[in-house]
Structure formats: C-alpha cells, structure tokens
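Dear colleague,

I am passing on the structure we spoke about, together with some notes on what I found in it. Please look through the model first and then read on.

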Amino acid sequence: MDVTDETFQTDVLARSAQVPVVVDLWAPWCGPCTTLGPMLERAVAATDGAVELAKVNVDDNPRIAQSFAVQSIPAVFAIVDGKVADQFIGALPEPQVVAFVQKLLPALSEADTLAAAGDEASLRRALELEAGHQQATEALARILIDRGEAADALALLARVPETAAVRSLAAEARLVESGVNVAADDAEVDARLNSLLERVRDDDAARQEYVDLLETLGPEDPRTSSFRRALATRLY
C-alpha cells in the first residue's frame, strides 16, 4: 500500500502490532528504487499476508523521511510493534531482499507444522495444541464437509474469527446440512436462486439458503453481484 504522512501512524505503526510492516522509502526519480521496489513486492507477496509492504514517496511525504533520518534512498525499514527491527540502504540483490523479508516471519510452531501436513490426524493434533489454529480449523472443516459431517464443521468454524474462507466453508456446511446439492451445475444453481428469490422477503430459511449459495459462488463469479442486487431489490 502507498502510505502518506497522514496515514503512517495507522497504516504502519499501529498495523505493525499485528503484522511486520516493511517500509520502502523511494522517489520516482531514483533509479535503484525502481529496481528494488518490484523485488520487495515479490518478496512480501510470497509471505501470503504474514508481512505487509508500505511504500512511501519521500518527495510527497517529507515527515516520514525525516522521522527515519534518511540521507539516501532507497531506504528500507522493517517495523515490528511500532519499532525498527531491521533496515538496509540501497538496492540489494533479490536473494538478499527475500532473506530480509523472510527473517520477519514468525517461527513455525508444532501446530503450524501439523496443519501444513493436511491429513485429518495431523489437523486434529494441531487443534489439540492450539484450539484456535486458523489453518487447521479451516482444513479440518473442509474434510468434515466433504464427508457430510456439516454440523461438526459448523461447530468447529464457530471457534475461530470469521474470514472469507470461514464464511464460505460455513455457508457450504449449512447447505449440506439442509440437504442442498452443493455440487449442482450452474443451470441448477441459477434455477434454485431464482426460486428462492420469490420467498426471501418472508421466509428466513429461504433467505439464508440464498445468501449461502451466493457465498459459495464467491465474489469472482459474475452471477454473484447480479443476484445480490436482485436480493436487495426484493428486500428493500
């Protein structure tokens, strides 16, 4: 994300209490900056959200540059819990950039290793060690849903914070529990949604099934937005 003098406190310092933030101080006229920038983006993207990148144009945001007392750019700082944890000046080779970012990743716990294994026994053991382990919970819920044990999957998902993946899994579990064919083809799903649309205003169960079907379609499916608009029109 691009960070400004006004958003630095929230987007970097406060955010770094939850996840390490790499701050890239750059300027459009700086040749090495344009080389380093894409390397940082790739290295941070490879962490799948475990590290975030904040890009600061020093020409437009002099207060941030002053706070770091930088005298040359590119200058890169790793912020953890509001403090500088590591830094480097100048463009580095990509392997060194990757190593800089990787050092910020938390060490894997035993539960993390078990969750990565992915089999049911390992997932259950991971949850014995860390009851709220997100990855293990989502993976085990997937196994339970596929096996038709929707109620157990819903109980499991209720223990962790809601994420897009949790919402989708819970929606699918409710559909399975209700006897809805989640493997239906597109035409069947469309027909079912159109049928439910006639009842969503006065039938809570129909409205929940409609919303759950849209959740399982996902935001990428072009039908999702049109059916959501149809729902809003029918309700309001």
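The notes below begin with the sheet, then turn to a helix pair and end with some individual residues.

Please keep in mind throughout that this is a predicted model.

The sheet is open and is formed by four strands in the order 2-1-3-4, with mixed pairing. Its edges are strand 2 and strand 4 (83-89), each of which pairs on one side only, and the twist from one strand to the next averages 20°.

Strand 1, which covers residues 21-26, pairs with strand 3 in the antiparallel sense over five bridges, and within this pairing Val 21 stands opposite Ile 79 of strand 3. With strand 2, strand 1 runs parallel, and six bridges join the two; here Leu 25 stands opposite Val 56 of strand 2. As for accessibility, five of the six residues of strand 1 are buried, so this strand is largely enclosed by the rest of the structure. Helix 2 lies across strand 1, strand 2, strand 3 and strand 4, and its direction makes an angle of about 160° with strand 2.

The helix pair I looked at consists of helix 6 (residues 120-129) and helix 7 (residues 134-146), whose axes come within 9 Å and cross at roughly 140°. Because an angle counts as roughly antiparallel only when it is over 145 degrees, helix 6 is described as oblique to helix 7. The crossing of these two helices is left-handed. On the side of helix 6 the contact is made by Glu 120, Leu 123, Arg 124, Ala 126 and Leu 127, while helix 7 contributes Ala 136, Thr 137, Ala 139, Leu 140, Ile 143 and Leu 144. Sorted by character, the residues of this contact comprise eight nonpolar, one polar and two charged.

Some backbone details in the loops may deserve your attention when you go through the model. The peptide bond from Ile 73 to Pro 74 is cis, with omega near 5°, and Pro 74 is placed in the loop between helix 3 (62-68) and strand 3 (75-80). The loop between helix 3 and strand 3 also holds Ala 69, a residue other than glycine whose phi is nevertheless positive, near 55°. Ala 69 is exposed, with a relative accessible area of 62%.

A positive phi near 55° in a residue other than glycine is found for Asp 48 as well, which has its place in the loop between helix 2 (31-45) and strand 2 (52-57). At a relative accessibility of 72%, Asp 48 counts as exposed.

Finally, Arg 63, which belongs to helix 3, links to a part of the chain that is distant in sequence. Leaving aside residues up to four places away in sequence, Arg 63 touches Asp 5 and Glu 6. Between the C-alpha atoms of Arg 63 and Glu 6 the separation is 9.4 Å, although the two residues are 57 residues apart along the chain. With a relative accessibility of 49%, Arg 63 counts as partly exposed, because the exposed class begins only over 50%.

With best regards

Methods:
Residues numbered from 1 in each chain as written. Predicted model: local features only at pLDDT ≥ 70, side-chain atom pairs only at ≥ 80, totals over all residues. Heavy atoms only, no water. Axes fitted to C-alpha atoms, helices over the stretch in contact; angles between N-to-C directions. Parallel < 35°, antiparallel > 145°, perpendicular 65-115°, else oblique. Left-handed = near helix turned anticlockwise from the far one by under 90°. Contact = heavy atoms within 4.5 Å. Nonpolar A, V, L, I, M, F, W, Y, C, P; charged D, E, K, R; others polar. Buried < 20%, exposed > 50% of the residue type's maximum accessible area, 1.4 Å probe, protein only. Pairing = 2+ DSSP bridges.
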